[in-house]
Amino acid sequence: MKGGFSGLRGRELSLITIVLMCTAFLFWAWEKTPPLTNLMPPETRLRLSPDDLGKPVASLLSPKSKDISSFAEKVIEQVAAPLISSQKSSERSVIKNNPVTTTDWNVEILTSLSEEEAKGEQIQEPQTYVGAQGPTIPTEVEGNHKKMIEQVSEQLEVDMVAQVGIENRDCNYAKGKWVPDDNRPLYSGFGCKQWLSGMWACRLMQRTDFAYEKLRWQPKNCQMEEFEGSKFLRKMQGKTLAFVGDSLGRQQFQSLMCMITGGEERHDVIDAGKEYGLAQARGDTRPSGWVYRFLSTNTTILYYWSASLCDVEPIDKTNPNTDYAMHLDRPPAFLRQYLHKFDVLVLNTGHHWNRGKLKANKWVMHVGGVQNTDRKLAMIWVAKNLTIHSVVNWVNSQLPKHPGLKAFYRTISPRHFVGGDWNTGGSCDNTIPMSVGKEVLQDESSDESAASAVKGTGIKLLDITALSHLRDEGHISRFSRSASPGVQDCLHWCLPGVPDTWNEILFAQI
């Protein structure tokens, strides 16, 4: 972090809050107990400038301060002293009656009565009652003190959260390292059968090594908010999150559903696919997407399959064997129709951009509404880049109409085929985590085309390429339940697994 809270973690922040509350209570108890007050050295003063009394706690830290005790002392100096002075009319603390000028704003708070008693001044004390449990303070006074302590603690927490939020605003979540974490995974690969496809649940396969589940991504120099399903639903209350992309986007969608529910079966989640025209048609093996709504918070999570991320339509609707026009410069019709209903949008494409996929899907490139005749544009990487830039620019043009929309483009998920491709004997047999490295030090994204497309727009880059590249052991590999003999899946990921981290980074940015 760049700000004053560098080095402070949640446990340390909690410790600071406890120190503050205890110190404030000790001030109060000292003032309420005459024998203790009389033991205080005479004329112990605490000088404060009124200009300092209203400063946020976060401003007390120097940019490089990592000393918790020093930080606590500064907090007490700024916060506990005003707490005492605010009770000066009914307690022993009095303010010296010095004239105040515009050049002398020093306020002296006396914590000893010796000088005032010598002057014969009478100070009204709150009435104290002594019973079997010892001296007690009237309920009204005690309530005021508790209220003030709560207000101070709340303000401290607000300042801390605000400071962390400001610092994380510029956090490069793609830069960091993988670290072991026994608290992972966030859900069970055995239990999330309601949301997780069996073809990606490696716990249900013959795989026996699961060290890949026990890693957590730690961004460099900034904190990433811990994911909690209930917290996510509160943050997304009354909102809709949409994934639009290929099968890797579907993996991220299923991962998020498992993370929100903790892999447990939920009966308060309904299928809202009909609202988006995604009900499974008769004869289809699966719908074009899925839509689930959490009734408790009216939160909707959906996925729409659009492998190329461009508009695809049949050239001849009357011919069942027709080719399909893929309009490189036109976003998917689903996106154009339902964008107004989304609050968070995550786009992705990439692995279907090859000659084999285009031929198998009968996709024919179109630009400007007509079949493409530009040989340069016909090159796969050029066509893909044109599509990515087109859809990003279109979404960006729609942002003024939907000011609450947060749009992300997710960078490409890396493949780890060794010795060939998916259909030519390529494999990914490694099972040792981080064998190719554990840290990403680069500042720029490894997906240059995606980074170039979002540059200068209101679309954020969900950069997962380099950090995922370090996790070659996390693929389904030879354990796929549906692959032909000798064919390995070094593209899709085991779940729980790497896509969970993509969602953690997404959560941190929404």
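This briefing walks through a strand pair, the internal cavities and the aromatic contacts of the structure above. Please keep in mind that the model is predicted. A good residue to look for is Tyr-276, which is buried and takes part in a tilted ring pair with Phe-334 and in another tilted pair with Tyr-338.

**Strands E6 and E7**

- Strand E7 covers residues 215–219, and four of its five residues are buried, so the rest of the structure largely encloses this strand.
- Its partner is strand E6, residues 176–180; the two run antiparallel and are joined by five bridges.
- To find the pairing on screen, start at Lys-177, whose bridge partner in E7 is Gln-218.

**Cavities**

- Four cavities of 30 Å³ or more are found in the structure.
- The largest cavity holds about 100 Å³ of space.
- Its lining is made up of 14 residues, and those closest to the centre are Glu-213, Leu-215, Gly-497, Asp-500 and Thr-501.
- Helix H14, residues 498–509, contributes the most to this lining, with four residues.
- Sorted by class, the lining of the largest cavity consists of seven nonpolar, five charged and two polar residues.

**Aromatic pairs around Tyr-276**

- The structure has 16 aromatic pairs.
- In one of them, the ring centres of Tyr-276 and Phe-334 are 6.4 Å apart and the planes meet at 40°, so this pair counts as tilted.
- This contact brings together distant parts of the chain, 58 residues apart: Tyr-276 sits in the loop between strand E9 (269–271) and strand E10 (289–294), while Phe-334 belongs to helix H9 (residues 333–338).
- Both Tyr-276 and Phe-334 are buried.
- Tyr-276 also forms a tilted pair with Tyr-338, at 5.1 Å centre to centre and with 50° between the planes.
- Because Tyr-338 is in helix H9 and Tyr-276 in the loop between E9 and E10, this second pair ties together parts that are 62 residues apart in sequence.
- Like Tyr-276, Tyr-338 is buried.

**A ring cluster and charges over rings**

- A cluster linked by ring pairs takes in Trp-195, Phe-243, Phe-253, Trp-290, Tyr-292 and Tyr-303.
- Tyr-276 appears again here: the charged end of Lys-341 sits over its ring, 4.4 Å from the centre.
- Elsewhere, Arg-203 lies over the face of Phe-210, with 3.7 Å to the ring centre.

Key. Residues numbered from 1 in each chain as written. Predicted model: local features only at pLDDT ≥ 70, side-chain atom pairs only at ≥ 80, totals over all residues. Heavy atoms only, no water. Buried < 20%, exposed > 50% of the residue type's maximum accessible area, 1.4 Å probe, protein only. Pairing = 2+ DSSP bridges. 1 Å grid on protein atoms, 1.4 Å probe; cavity = no way out; pocket = protein on both sides within 12 Å on 5 of 7 lines; lining within 4 Å. Points joined across faces, edges and corners; volume = space filled by probe spheres on them. Nonpolar A, V, L, I, M, F, W, Y, C, P; charged D, E, K, R; others polar. Phe/Tyr/Trp six-rings, centres within 6.5 Å; stacked < 30°, edge-to-face > 60°. Lys NZ or Arg CZ within 6 Å of the ring centre and 35° of its normal.
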